[in-house]
Structure formats: C-alpha cells, structure tokens
Amino acid sequence: MPAKQVAVVGAGIAGLGAAWRLAKRGFQVSLFESEQRPGGRARPVAREGFTIERSGAIVSAADKALLSWIGELDLPDLLPPRPVVRALAHRDQVQAIDARGLLGIARIPGIRIHQALRLLRLPRLIARYGNRIDPERPELAASLDDRSLEDFGRLYFGARIVEHWMGPLVTRTSLYDTREASRVLFLHRYVDRAGERLSMLRSSTQELMDRVASSIPASLGARVMRVESRSGGGVCFSVREDQRERSAEVDAIVLAVPAPEAVELAGAEFSFVERDVLEKVRYAPGLSLAVALRRPFHSHPQQIQFPDREGWPLESVLLEPGVEGGRVPTGRGLALLRATGRWSKAYFDAPDETVSKELIEALGTIFPRIHGAGIFTEVLREKRAVPRFDVGRYRAIADFTRVQADARRRGRRIYFAGDYLMGPGWNAALRSGYRAAADVEEDLGGSAVTWAGSE
C-alpha cells in the first residue's frame, strides 16, 4: 500500500515531535514552517559567540520523552546533561536547596520543620485523586479543576509552603500567578517528579531542531494559509512560499501552532465548542534579559529562583559558565534573568534600556558584581511565551478532547498538537506532538512503507 500523506504545520517542539513520530511509523510527512529555521518559541538566539536559550535548556529526569528523543536522534554533544545547582533567594541571600524529599523541603529558606510536616498528607491526597492525575492525559483531571494553587496550598499546607516550594515548583516553567493557576498544574508537576535534580543540555538545542527538520521534507519560510476537509475524505490546504501560493491535498494534517493560529487556519471546520475552547486559550508574555559576562560567576551552572513577592521583578536567574563546545565561550559566563509573568506583562512594551536597568538592579541586590560585568545584554521578548493553565483550563481541555473524538469518528482528519493541550515546557509539548501522531496512526492505520530512520 502507498504511504499515507500527512502534513504537519509548525516546526516547534510539538510539530517536530509529531512529524518525527509519524515518519518513523511509515507515513509520508511534509513539514511546513513560516520562519526560516525550525524551533518556534524554543529557537535560541546567537550573538557574538554566545548562544542564548530562551528557557536555558534546563531538563530533569522527569523529562523522559525529551531525553529519549535526543538519544534516538544520536546527538552526543547534548548529552549527558550538566548538573545544575538549585538555589533560592531569601532575604537578599542565595542558598542552595534540594527539594526532592520532606527533609530537603524543610531546609528551604523560609520553611520550618513543623510546616514541612504538613506535606505528609500530600501522598494521601494524591492517592485519593487516583488516576485522574495523569500528565499524559490532562483531560482526566477535569473534576479536580475547581481550585487555584494558592487556595489549595494554603488550605492543606500553609502560606509558606505555597510561597517557597509549591509556587517555585510550578513557575520554573510556567510564569504563572499562584492565585490564578489551577491546582491541577501543581499536582501534575508533583506526580511527574518535577522536583528531580535539574541539569542543562550541553550544547545548543538548535542542533536538535535542525536534525529533525533535515530528516523530514521540511518547507521553511512556507506559510500555510487555509485548511479545509475534503468531501471524500482527507484535507486540502494552501501554502504561500516565495511569494506564490499553491494548493495541496493530504490524508491528514496536524496543526502544531498556537491556538489563535489554529483558529485562523481552520476555524470554519470547528464546532462551537472547539472554537470557544481555542479562542479562550490565554498565554503569558515572557520577558528575559541575557547578560554576557566577562567571567563566570560560578564554576557550575546555577539556577536561582525568587519566591513570589509583590513588586519583585525576577522569577529566576540562570548562571551558566562557559565550556569548550558549549553555548558560552570558554572563560566567559552568561546570566539569563527571567522576569515574572506579572512584571513581563506590565513592562512588555518598555524600551530595552528600561528592561535591562530594572532587571540588573534587582539582581544586583544579591550579586552586586553584575554591575559593569557584562559584555553585552540582549532583551528577549515572547508575546506567547507559555500557555496559561488557570482554573477551568483542564475542564476546557476535557471538552475539547471529547469533541475531537467525535470529529475523528465522523472522519475529520484535522489534528492538534501544542503545549496548550498538555502543559508548559518542552517535554509536555513533545508529548502533545506524540499524542497527535498516535491519533493519526490509529485513524489511518500504519503503512507498509518503511522510513529510512525507523528502527
């Protein structure tokens, strides 16, 4: 049988993952990306010999899908990851922490042993919720999506646990406000072992993205314009490339783009529920400042998190020393200052000079030597840095998943992938791409055609 043809729109982590998995299953895959290089929001910035990763390329043992993917791609320059020292800023001091167990949490600055002991009830709560807490299937948690992280944490564990442990556990990848974020987001992070030791990929992740895109027919600089279901089955769409527009037909299409773009591409195909869910997806804007340092501040990578305080602009700071073959030149250093979600929203349109001054002054309270230590600064702005998972979001995902299943049964072959359907972070985006690929395979069946890179 000839291979089924599948188009994947968007070469971010979710789209690359979906295309990779489908190609390995024997489908004929075409990948379309409007930018000139793959990577989407994960694409790093190169300047003066430095490679600046927007999220710092931080991983943990919980990122099983991502680490396994890198292993499959045979990218020895990325692995093994470099250990990262976790630290917390408290009273203008920095203290290393290890929050993997109750004793480690009790040693976090600002938390006392009797407060940490309240966490003994957390495993019992998780057991009570049963299989509804599954990071691979977020729709199962819809019935638990009725309380914010702050309300849940204060009720069971107290304000200090929320501020110094639960909040930083979630905001490390999400930029969320604990007063609005769903408690399900924390429960997923906890069950997914997000408290594991952190590490950093050794070299630029652009190598990963380029490797996948080069192994699959990828059209870069090609913008998909319209997507419609064919009356006889399959999908037709138009592509604008090199100032010319052409039409194409495939057996299925995966829209691995942000929710607003999915509505623009195929809104006429959606039911009221689908359109309503997609249009209500909210994104947190992201503001970060990269400071190239003449000398590293530490011999090992260090991530410092800042407990949520009113008016405090920093969410975290990642200090990376240079190594041979790495993102930072040997003998140099890089500081990546990540602003909180609230501060990013308020200052998103501020001049670069204002952003740099405010964030460097904030870091200067604990690292005075940051003043005058920089070679250059680079302000990174991302209008849709991460999707928000506020209270009610998981119920919306459950509705969307149910309607999607009905549309698939009726023969519609339009699929969706993206972190807004799974959770914040690269690993969740990749899992969403894998899930979309699995749905395509289930509906279309495998093919006798074998891709050259399959096992």
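**Exercise 1. Find where Arg369 lies relative to Phe297, and where Arg21 sits relative to Tyr434.**

Arg369 lies over the face of Phe297, 4.4 Å from the ring centre. The charged end of Arg21 sits over the ring of Tyr434, at 3.9 Å from its centre. The test for a charge over a ring: NZ of Lys or CZ of Arg within 6 Å of the ring centre and within 35 degrees of the ring normal.

The model is predicted: local features need pLDDT of at least 70, side-chain atom pairs count only at pLDDT 80 or more, and totals for chains, interfaces and linings use all residues. Residues are numbered from 1 along each chain as its sequence is written, and side-chain values use heavy atoms, with hydrogens and water left out.

**Exercise 2. Classify the ring pair Phe186 and Tyr190.**

Start with the count: the whole structure has 14 aromatic pairs. The ring centres of Phe186 and Tyr190 are 6.2 Å apart and the planes are at 25°, so the pair is stacked. The cut-offs: rings of Phe, Tyr and Trp (its six-membered ring) pair if their centres lie within 6.5 Å; planes under 30 degrees apart are stacked, over 60 edge-to-face, the rest tilted.

Next, place the residues. Both lie in helix α8 (residues 183–191), four residues apart, about one turn of the helix. Helices (H or I, at least four residues) and strands (E, at least two) are DSSP runs, numbered from the N terminus.

Last, check burial. Phe186 is buried at 0% relative accessibility; Tyr190 is partly exposed at 31%. Buried means under 20% relative accessible area, exposed over 50%, partly exposed in between (1.4 Å probe, protein chains only).

**Exercise 3. Work out which parts the salt bridge of Asp419 and Arg41 ties together.**

The structure holds 38 salt bridges. In one of them, the side chains of Asp419 and Arg41 meet at 3.1 Å, N to O. Asp419 lies in the loop between β20 (414–416) and α15 (426–444), and Arg41 in the loop between β2 (28–33) and β3 (45–47), so the pair ties together parts 378 residues apart in sequence. A salt bridge needs a side-chain nitrogen of Lys or Arg within 4 Å of a carboxyl oxygen of Asp or Glu.

Compare the partners. Asp419 is buried at 7% relative accessibility. Arg41 is partly exposed at 28%.

**Exercise 4. Trace the salt-bridge network that includes Arg408.**

Begin with Asp439 and Arg408: their closest N and O atoms are 3.3 Å apart. Asp439 lies in helix α15 and Arg408 in helix α14 (residues 393–409), so the bridge ties together parts 31 residues apart in sequence. Arg408 is buried, at 16% relative accessible area. Now extend: the network links Arg408, Arg413, Asp439, Glu442 and Asp443.
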